[in-house]
Amino acid sequence: MATTPLKAPADGFDSPFPDTRFDALLLVSFGGPEGMDDVIPFLENVARGRNVPRERLEEVARHYELFGGVSPINAQNRALIAALRAELDAHGVDLPIYFGNRNWHPLLPDALHEMAADGVERALAFFTSGFSCYSGCRQYRENLYVAQQQVGAKAPEVLRTRMFFNHPGWVEANADHVRAALDAIPAERRARAHVAFTAHSIPLAMARASRYEDQLRESARLVAEAVDSADAALVYQSRSGPPHVPWLEPDILDHLRALAARGVEDVVVSPLGFVSDHLEVLFDLDVEAKKLAGELGLNLVRAPTASTHPAFVAMIRELIQERLDPSREKRALGRFAPAHDVCPVDCCLPGTGRPSPWAQA
Ligand SMILES: CC1=C(CCC(=O)O)c2cc3nc(cc4[nH]c(cc5[nH]c(cc1n2)c(C)c5CCC(=O)O)c(CCC(=O)O)c4C)C(CCC(=O)O)=C3C
Ligand SMILES: [Fe+2]
């Protein structure tokens, strides 16, 4: 039996509403545990239906346990929502903001229930992910669709804001943070410092089904240009999955070894593929990469993510305003146009041939 969408999924076809009608904003994120007891159930949610070996999950559980089982991601998203509330109020955008995650409370079905109870019929979603790939785009749209099905006929329709990798506000926020990190390097060595931008590695098959690498490279190029860096690279972190499956490379740790081998003394690491300094940033960069850098005699300065930088918060407000008023300019820097508002049907497929839950019989 084919399942019929109760409401248009996050690609907005067949909507009964005018394009510019939105009753609410929904911040959609990954979610993270908020105590020791949450860690394993959270990781089981992350790994459900995905190709993550049990040993990898147990290893990652230990990373969370190092931080008392608390990922900072939920608190960071709440801080972003507070900053965005003030930004929207200051610009007369009176949409209420809701919050829902893929993997941990508050979960998307609960957020959609609450929205339905409040009479929200159509919402605009901001994903805490600026780059297109299955994990950062389509999987969130699938999560929304499944949540809509759980809520039933009163579930709001949800559309999404565009990917923001080339938005000037994103570039400015990250460039500011990289510049401050460069300033922490002794002046006589600063011009020779290397800037390494990191993003979450994904399986090559997933990467090939999206613009992930193109967008990351362009974003990194724009930030490097903004800070006048003569020596920058895009590398990856947080690889998982079985060893025989190819993922995007090089890994940050191998990259640090190569930098040390060619005599680099100072490296700024900017986790450009992420929006906040969540646990994968804290563990993979501040614990693991810092430790290796120490062993290699490299001075590593980690730049913060965009987080609640005013230019980033203003960017989110602009992404909302451009949908409320299509006559507004859609700002974008560099060689790519602003990304699409409505994902094409084949956007960000998982790359595994695995059927989407939308298509399940
Ligand atoms: C592209 C991408 C982003 C950026 C875009 C976005 O934000 O969506 C991202 C973000 C995040 N990833 C996170 C955590 C984890 N990711 C995992 C696993 C995976 N991530 C993947 C990709 C991505 N992940 C992939 C292809 C896998 C393999 C399994 C699968 O195919 O799905 C696992 C399982 C264990 C492991 O394999 O490491 C964990 C625990 C956290 C939360 C951190 C916190 O708690 O503070 C965040 C923000
Ligand atoms: Fe997409």
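# Exercises on a two-domain model

Asp 228 is exposed, having 10 other C-beta atoms within 10 Å. The structure you are looking at is a predicted model, and the exercises below walk you through some of its features.

## Exercise 1: A loop residue and its backbone

Find Asp 228 and describe its place and its backbone.

*Solution.* Start with the location: Asp 228 sits in the loop between helix H9 (212-226) and strand S6. Next, look at the backbone, where Asp 228 shows a positive phi of about 60° although it is not a glycine. For background, most residues other than glycine have a negative phi. Finally, test the surroundings: a residue is exposed if 12 or fewer other C-beta atoms lie within 10 Å of its own. Asp 228 has 10 such atoms, so it is exposed.

## Exercise 2: A second positive phi

Is Ser 238 buried or exposed?

*Solution.* Begin with the setting: Ser 238 lies in the loop between S6 and H10. Its phi is positive, about 65°, although Ser 238 is not a glycine. Now count: 24 other C-beta atoms lie within 10 Å of Ser 238, and therefore it is buried. The cut-off for this step is 20 or more.

## Exercise 3: Two cis bonds

Which peptide bond leading into Pro 106 is cis, and which one leading into Pro 250?

*Solution.* Take Pro 106 to begin with. It lies in the loop between strand S2 (97-101) and helix H4 (108-117), and the bond from His 105 to Pro 106 is cis, with omega near 0°. Then move on to Pro 250, which lies in the loop between S6 and H10. Here the bond from Glu 249 to Pro 250 is cis, again with omega near 0°. As a reminder, most peptide bonds are trans.

## Exercise 4: The faces of a helix

Which residues of helix H10 (residues 252-261) are buried, and why do they line one face?

*Solution.* First, pick out the buried residues of H10: Ile 252, His 255, Leu 256 and Leu 259. Viewed down the axis of H10, these buried residues fall within an arc of 100°, so they line one face of the helix. A general rule helps here: an α-helix has 3.6 residues a turn, so residues three or four places apart point the same way.

Then ask what covers that face. The cover of the buried residues of H10 includes strand S5 (194-200), strand S6 (232-237), strand S7 (266-270) and H11. Turn to the face pointing away from the buried side, and you meet the exposed residues Ala 258 and Ala 261. Just after H10, Gly 263 takes a positive phi of about 85°.

## Exercise 5: Two domains and their contact

Where are the two domains, and how many residues of each are in contact with the other?

*Solution.* Divide the chain: domain 1 covers 24-164 + 310-359, and domain 2 covers 168-302. Their C-alpha centres lie 23 Å apart. Across the boundary, 36 residues of domain 1 are in contact with 32 residues of domain 2.

Now look at the side of domain 1 that touches domain 2. The elements that give two or more residues to it are helix H2 (54-66), helix H3 (73-90), helix H5 (134-151) and helix H12 (310-324). H12 gives the largest share, five residues. By kind, this side of domain 1 divides into 20 nonpolar, twelve polar and four charged residues.

Helix H12 also holds Glu 318. With 21 C-beta neighbours inside 10 Å, Glu 318 counts as buried. Setting aside neighbours within four places in sequence, Glu 318 is in contact with Gly 169 and Arg 331.

## Exercise 6: Around ligand 1

Which residues come nearest to ligand 1, and which domains supply its shell?

*Solution.* There are 26 residues around ligand 1, of which Gly 32, Ser 71, Ser 240, His 278 and Leu 279 come nearest. Then sort the shell by domain: domain 1 and domain 2 each give at least three residues. Sorting by element, helix H1 (36-47), H2, H5 and helix H11 (279-296) each supply at least two residues. Sorting by kind, the shell holds eleven nonpolar, twelve polar and three charged residues.

## Exercise 7: Confidence

Where is the pLDDT below 50?

*Solution.* Begin with the whole chain: the average pLDDT is 93, and 94% of the residues score at least 70. Next, find the stretches below 50, which include residues 1-6 and residues 357-361. For the model, ipTM is 0.95 and pTM is 0.94.

Definitions and conventions. Residues are numbered from 1 along each chain as its sequence is written. Chains are lettered from A and ligands numbered from 1 in the order in which they are written. This is a predicted model: local features need pLDDT of at least 70, side-chain atom pairs count only at pLDDT 80 or more; totals for chains, interfaces and linings use all residues. Domain bounds come from an automatic or database domain assignment. Two residues are in contact if their C-beta atoms, placed from the backbone, lie within 7 Å. Helices (H or I, at least four residues) and strands (E, at least two) are DSSP runs, numbered from the N terminus. Ala, Val, Leu, Ile, Met, Phe, Trp, Tyr, Cys and Pro count as nonpolar, Asp, Glu, Lys and Arg as charged, and the others, Gly among them, as polar. A residue is near a molecule or strand if its C-beta atom, placed from the backbone, lies within 6 Å of it. pLDDT is the predictor's confidence in each residue, from 0 to 100. The arc is that of the directions from the helix axis to the C-beta atoms.
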